[in-house]
Amino acid sequence: MSAVLLPESDSDAALLASPPSDYMSPSQLAFFRRRLLAERDALLQSAHDTTQHLHEFERTPDPSDRASLEEDHSLELRVRDRERKHLHTIDEALARIDDGSYGWCEFTGDPIGIARLLARPTATLSVEAQELHEKRRKMRGR
């Protein structure tokens, strides 16, 4: 059973309705470049906000409060580390736009698909190739 993806905006709906011959046209590539850059900017702003927040040292004499504060900081840093890794995948997707390989499955060479790219703009595999990849990984126990 596959999930039905609903468009987030009119431009998403327009992309989904575009003919297959328009796949990865200059306008579609520009759309995904803007989306990736916006996501990248949001992650960088979030990292900046975290840095500012962590610099605001809060003195608390109560050990329980201090432990809670340290746990909050630790969680925030783990989230930022995940976002840092995601920044790398965004940069790789932008490089694929530049080299002309964006939107094409790196395993099969088939189109990844607009719906999948709208849901995950950094995708490198088609749904079928991703499922195969996950089955193989599961069989290896990773």
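**Close-up views of a predicted model**

**View 1. Glu-83, a buried residue of helix H3.** In this predicted model, Glu-83 has a relative accessibility of 19% and therefore counts as buried, the cut-off being under 20%. Glu-83 belongs to helix H3, and once residues up to four places away in sequence are set aside, Glu-83 touches Leu-43 and Ser-46. With Ser-46 there is also a polar contact, made from side chain to side chain at 3.5 Å.

**View 2. The largest nonpolar core and the helices that supply it.** The largest nonpolar core holds 22 residues, and those that touch the most other members are Met-24, Phe-32, Leu-36, Ile-97, Tyr-102, Ile-114 and Leu-117. Two or more residues of this core come from each of helix H2 (26–55), helix H3 (63–99) and helix H4 (114–119).

**View 3. The surroundings of Phe-32.** When neighbours within four places in sequence are left aside, Phe-32 is in contact with Leu-15, Met-24, Ile-97, Tyr-102, Ile-114, Leu-117 and Leu-118. Among these partners, Met-24, Ile-97, Tyr-102, Ile-114 and Leu-117 are listed, as is Phe-32, with the core residues that touch the most other members.

**View 4. Met-24 in the loop between helices H1 and H2.** Met-24 is found in the loop that lies between helix H1 (10–17) and helix H2, and, with a relative accessible area of 10%, Met-24 is buried. The backbone of Met-24 has a phi near 60°, which is a positive value in a residue other than glycine. Most residues other than glycine have a negative phi.

Methods
Residues are numbered from 1 along each chain as its sequence is written. This is a predicted model: local features need pLDDT of at least 70, side-chain atom pairs count only at pLDDT 80 or more; totals for chains, interfaces and linings use all residues. Side-chain values use heavy atoms; hydrogens and water are left out. A nonpolar core is a set of buried Ala, Val, Leu, Ile, Met, Phe, Trp, Tyr and Cys residues joined through side-chain atoms within 4.5 Å. Buried means under 20% relative accessible area, exposed over 50%, partly exposed in between (1.4 Å probe, protein chains only). Helices (H or I, at least four residues) and strands (E, at least two) are DSSP runs, numbered from the N terminus. Contact means heavy atoms within 4.5 Å. A polar contact is a pair of N or O atoms within 3.5 Å; within protein, one must be able to donate a hydrogen and the other to accept it, and residues adjacent in sequence count only if both atoms are side-chain atoms.
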